[in-house]
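Got the model open in your viewer? Let's walk through it one selection at a time.

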Amino acid sequence: MVSYQMDLNDERRAVAIDVALESPGNVRRRRIGGPALVVLGALLVAIGALLLGSGSDVLGVAYLVLGAAAIVLGARARAFQRFVLRRAETLVDDAFRSGEVRYSFDEDGVTVDSQVGHGVSYWPSFKGWGTMGDYLYLRRGDNKLVLVDCRELAPEELEEVRALVERHVGSRRDA
């Protein structure tokens with residue numbers, strides 16, 4: 001069994017947001033939604049210009065503004081997603097947001113102790129895992145994250161955690 005205690009700081013919060021941004025679902029949304037918004041925005045700008053030319057000033061300006069906003073949003077989809085995740089922090093475990101959390105990794109799963117409470121996430125509840133920089137993360141089925149700073153574990157503890165993750169979560173590795 002490996003126990004790991006972590007205090008929430010800005011670096012770890014940023015890593016959790018980066019992990020969420022690089023999840024397959026968010027990458028797919030950006031890849032499809034960004035260009036679609038740019039095309040929609042261009043169409044709205046064209047309609048607005050036509051309306052302005054035909055004498056419909058208020059409606060034409062509204063279409064121009066909406067079109068410009070859609071183009072900007074489509075071109076800056078990743079930045080918009082980062083903004084939304086920073087504001088909501090929906091993909092970070094509630095216990096993680098409480099400030100200090102202790103994780104215990106064993107054959108049953110990951111036990112989480114924090115100011116919020118105590119719980120066990122059994123291994124089948126994890127749908128993927130990966131690494132980002134000096135961090136190892138586990139993604140549960142509800143898209144909540146368990147984040148581990150590998151620099152704070154002894155090499156043998158890190159190997160034990162990796163072995164547990166590979167044995168129980170297996171090849172369900174995130175991109």
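Start by selecting Leu40, Leu43 and Ile47, which together make a nonpolar surface patch of about 240 Å². This is a predicted model, so keep that in mind at every stop. Leu40 sits in helix 2, which covers residues 24-53. Is Leu40 buried, partly exposed or exposed? Its relative accessibility is 41%, so Leu40 counts as partly exposed.

**Zoom out and colour by secondary structure**

The protein chain has six helices and seven strands. Follow the chain along its sequence and the pattern reads β-α-α-α-α-α-β-β-β-β-β-β-α. Of the 175 residues in the chain, 39% are buried. About 9,400 Å² of the chain is exposed, and carbon and sulfur atoms supply 58% of that area. Look at contacts with a separation of 6 or more, and 57% of them come from residues 24 or more positions apart.

**Now colour by confidence**

The mean pLDDT of the protein chain is 83, with 87% of its residues at 70 or more. Where is confidence lowest, and where is it highest? The lowest is helix 5 (residues 94-97), with a mean of 50, while the highest is helix 3 (residues 57-75), at 92.

**Into the core**

Next, select Tyr103, Phe105, Val110, Trp123 and Leu138. In the largest nonpolar core, which has 29 residues, these five touch the most other members. To see who contributes to this core, show the elements that give two or more residues: strand 1 (2-7), helix 1 (10-21), strand 2, strand 3 (109-114), strand 5 (126-132), strand 6 (135-140), strand 7 (145-149) and helix 6 (155-168).

Keep Val110 selected and show what surrounds it. Leaving aside neighbours within four places in sequence, Val110 is in contact with Tyr103, Ser104, Phe105, Gly119, Val120, Ser121, Trp123, Phe126, Leu138 and Val146.

One of those contacts, Ser104, is the next pick. Ser104 is in strand 2, residues 100-105. Is Ser104 buried or exposed? With 8% relative accessibility, Ser104 counts as buried, since the cut-off for buried is under 20%. Again skipping neighbours within four places in sequence, Ser104 is in contact with Met1, Val2 and Ser3, and also with Gly109, Val110 and Thr111.

**Over to Leu153**

Select Leu153, in the loop between strand 7 and helix 6. Leu153 is buried, at a relative accessible area of 8%. Add Tyr4 and draw a distance between the two C-alpha atoms: Leu153 and Tyr4 are 149 residues apart in sequence, yet 7.4 Å apart in space. Which residues beyond four places in sequence is Leu153 in contact with? They are Val2, Ser3, Tyr4, Val148, Leu158 and Val161.

**Salt bridges to finish**

A search of the whole structure turns up four salt bridges. Select Glu107 and Arg167 for one of them: their closest N and O atoms are 2.6 Å apart. This pair links distant parts of the chain, with Glu107 in the loop between strand 2 and strand 3 and Arg167 in helix 6, 60 residues apart. Glu107 is partly exposed, with a relative accessible area of 47%.

Then select Asp134 and Arg151, whose side chains meet in a salt bridge at 3.5 Å, N to O. Asp134 is in the loop between strand 5 and strand 6 and Arg151 is in the loop between strand 7 and helix 6, so the pair ties together parts 17 residues apart in sequence. Both ends count as partly exposed: Asp134 at 39% relative accessibility, and Arg151 at 46%.

Leave Arg151 on screen and add Asp149. Arg151 forms a salt bridge with Asp149 too, the closest N and O atoms being 2.9 Å apart. Is Asp149 buried or exposed? At 2% relative accessibility, Asp149 counts as buried. Show Asp134, Asp149 and Arg151 together for the last view: these residues are linked in a network of salt bridges.

Terms used. Residues numbered from 1 in each chain as written. Predicted model: local features only at pLDDT ≥ 70, side-chain atom pairs only at ≥ 80, totals over all residues. Heavy atoms only, no water. Helix = DSSP H or I, 4+ residues; strand = E, 2+ residues; numbered from the N terminus. Buried < 20%, exposed > 50% of the residue type's maximum accessible area, 1.4 Å probe, protein only. Contact = heavy atoms within 4.5 Å. Areas by Shrake-Rupley, 256 points an atom, 1.4 Å probe, with all protein chains shown as cover. Core = buried A, V, L, I, M, F, W, Y, C linked by side-chain atoms within 4.5 Å. Patch = residues over 30% accessible without salt bridge, like charges linked within 9 Å, V, L, I, M, F, W, Y side chains within 5 Å. pLDDT = per-residue confidence, 0-100.
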